[in-house]
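Biologist: Hello! Could you walk me through this structure with a few questions and answers?

Modeller: Gladly, have a look at it here.

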Amino acid sequence: MNILITGSNGFLCQKLIKKLMNKSHFIIGTDKDKNILENKKNFTFLRCDISNKAKLFKKITLLKKKIDLIIHTAAIQPISNDQDLKSMILVNSFGATNILQICKKLHIKNLIFTSSFSVYGQQKNPIKENSIKSPQNFYGMSKMFAEEQIILFSKRFNMNYIILRLDGIFGHKQNLPGFSKMCFEKFVKNENIELFNSGLQIRDHVYIDDAVNSIVLSIKKLKKIKKGIFNIGGGQPISNYTRAMFIKKNLYSKSKLIKIKRSNPNISNIYLDLKRAKKILGYEPKSVNQNTLKYLKELTKNEK
């Protein structure tokens, strides 16, 4: 299968592409920055920003390869609270518009889109796929707009799609801040950690290997499912205190966990209902302890 993957330099895509190449797929990676992946006979790279539809279309057509599937992951991520609305909309929303128009022009009938739990906003947990979307930040809004375009486009042009609403991804070489990453960096230096809300916030971050597997499963099931939206999380919601304590113990750190009672407006309990993904996709994440131990092993190896 010939697969076009946007955002190929990203944390998720680096692992995904290596796995798909091992399964004999031909991968066309595209990213706005210089390629960082190893060139192989079943991988080619197109340097292009998805917000530039004309350039992207020209580069794809010059390949003279029939594309069977697009996996659209390229997006500006919410690295800080100071988010640029214009950039978010241009890349995350109108970037999706450009991808869909290319699908139409090149008669590409299959699309997998990596969305986010951020489309939900504050909801009753566990959050189901049919919950009302009410994003609380620009990132969530831009992803929601992309989703709506895909759903409408599919109705008009008979395209198969799977939308994966991913919880926060963690793993070795992650390029975004994350709670587990912060814990590791503090604990290896024996520095104390302050936990707002007394560390009681419950989250269900998804490990990188499980996130990659959710996409691989989607590729296998896409033509049968035709249209579907699935939550992808870690499968075991736990508090920040429990997660931090597990990491601390396994690093034999002398750090202290300091519980701060005052709340942080950016901290709340969020976790997803995974029943649909488990039943239809066959998605089964590893246990949080198993994944965290693997993560710590990779990080510790990298520190030496």
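**Cavity and pocket**

Modeller: The lining of the largest cavity is made up of three nonpolar, four polar and three charged residues. Please keep in mind that this is a predicted model.

Biologist: Which residues line the largest cavity?

Modeller: A search of the whole structure finds one cavity of 30 Å³ or more, and about 50 Å³ of space lies in the largest cavity. Its lining residues are Phe170, Asp204, His205, Tyr207, Gly234, Arg243, Lys286, Ser287, Val288 and Asn291.

Biologist: Let me pick His205: is His205 buried or exposed?

Modeller: His205 is located in the loop between strand S9 (202-203) and strand S10 (206-207). Leaving out residues up to four places away in sequence, His205 touches Asp167, Gly168, Phe170, Phe179, Gly234 and Arg243. The relative accessibility of His205 is 16%, and the limit for this class is under 20%, so His205 counts as buried.

Biologist: Which helix gives the largest share of the lining of the second largest pocket?

Modeller: The second largest pocket holds about 180 Å³ of space. Phe11, Gln14, Lys15, Lys18, His172, Lys173 and Glu298 line this pocket, and by class they divide into one nonpolar, two polar and four charged. Four residues of the lining come from one element, and that element is helix H1 (residues 11-22).

**Ring pairs**

Biologist: How are the rings of Phe94 and Phe145 arranged: stacked, tilted or edge-to-face?

Modeller: The count of aromatic pairs comes to four. For Phe94 and Phe145, the ring centres are 6.1 Å apart and the planes are at 85°. An angle over 60 degrees falls in one class, so this pair is edge-to-face.

Biologist: How many residues apart are Phe94 and Phe145?

Modeller: Phe94 is in helix H3 (residues 85-105) and Phe145 is in helix H4 (residues 138-157), so the pair links distant parts of the chain. Phe94 is partly exposed at 41% relative accessible area, and Phe145 is partly exposed at 35%. Along the chain, the separation of Phe94 and Phe145 is 51 residues.

Biologist: What about Phe153 and Phe157: what kind of pair do their rings form?

Modeller: Phe153 and Phe157 are four residues apart in helix H4, which means that about one helical turn separates them. Phe153 is buried at 10% relative accessibility, whereas Phe157 is partly exposed at 26%. Their ring centres are 4.7 Å apart and their planes are at 45°, so the pair is tilted.

Biologist: Which residues do ring pairs link into a cluster?

Modeller: Two members of the cluster, Phe170 and Tyr207, also appear in the lining of the largest cavity. The cluster consists of Phe170, Tyr207 and Tyr295.

Biologist: Which residue has its charged end over the ring of Phe57?

Modeller: There is one such arrangement at Tyr241, where Lys259 lies over the face at 4.3 Å from the ring centre. At Phe57, the charged end is 4.8 Å from the ring centre and belongs to Lys105.

**Contacts across the chain**

Biologist: How far apart are the C-alpha atoms of Val212 and Lys15?

Modeller: Val212 is in helix H6 (residues 208-225) and is buried, with a relative accessible area of 4%. Beyond its neighbours within four places in sequence, Val212 is in contact with Leu12, Lys15, Leu16 and Lys19. Val212 and Lys15 are 197 residues apart along the chain, yet their C-alpha atoms are separated by 7.1 Å.

Biologist: And what is the C-alpha to C-alpha distance between Ile67 and Ile108?

Modeller: Ile67 sits in the loop between helix H2 (53-63) and strand S4 (69-72), and it is buried at 5% relative accessible area. Among the residues that Ile67 touches are Leu4, Ile28 and Ile108. In sequence Ile67 and Ile108 are 41 residues apart, and in space the distance is 6.5 Å.

**Backbone**

Biologist: Is the peptide bond from Asn125 to Pro126 cis or trans?

Modeller: Most peptide bonds are trans. Pro126 is in the loop between strand S5 (110-116) and H4. With omega near -5°, the bond from Asn125 to Pro126 is cis.

Biologist: What is the phi of His107?

Modeller: Most residues other than glycine have a negative phi. His107, in the loop between H3 and S5, is exposed at 61% relative accessibility. The phi of His107 is positive, with a value near 60°.

Notes
Residues are numbered from 1 along each chain as its sequence is written. This is a predicted model: local features need pLDDT of at least 70, side-chain atom pairs count only at pLDDT 80 or more; totals for chains, interfaces and linings use all residues. Side-chain values use heavy atoms; hydrogens and water are left out. Rings of Phe, Tyr and Trp (its six-membered ring) pair if their centres lie within 6.5 Å; planes under 30 degrees apart count as stacked, over 60 as edge-to-face and the rest as tilted. Helices (H or I, at least four residues) and strands (E, at least two) are DSSP runs, numbered from the N terminus. Buried means under 20% relative accessible area, exposed over 50%, partly exposed in between (1.4 Å probe, protein chains only). A charge sits over a ring if NZ of Lys or CZ of Arg is within 6 Å of the ring centre and within 35 degrees of the ring normal. Contact means heavy atoms within 4.5 Å. On a 1 Å grid over the protein atoms alone, a cavity is a set of points where a 1.4 Å probe fits but cannot get out, and a pocket is an open set with protein on both sides within 12 Å along at least five of seven lines; lining residues have an atom within 4 Å of a point. Grid points are joined across faces, edges and corners, and a volume is the space filled by probe spheres set on the points. Ala, Val, Leu, Ile, Met, Phe, Trp, Tyr, Cys and Pro count as nonpolar, Asp, Glu, Lys and Arg as charged, and the others, Gly among them, as polar.
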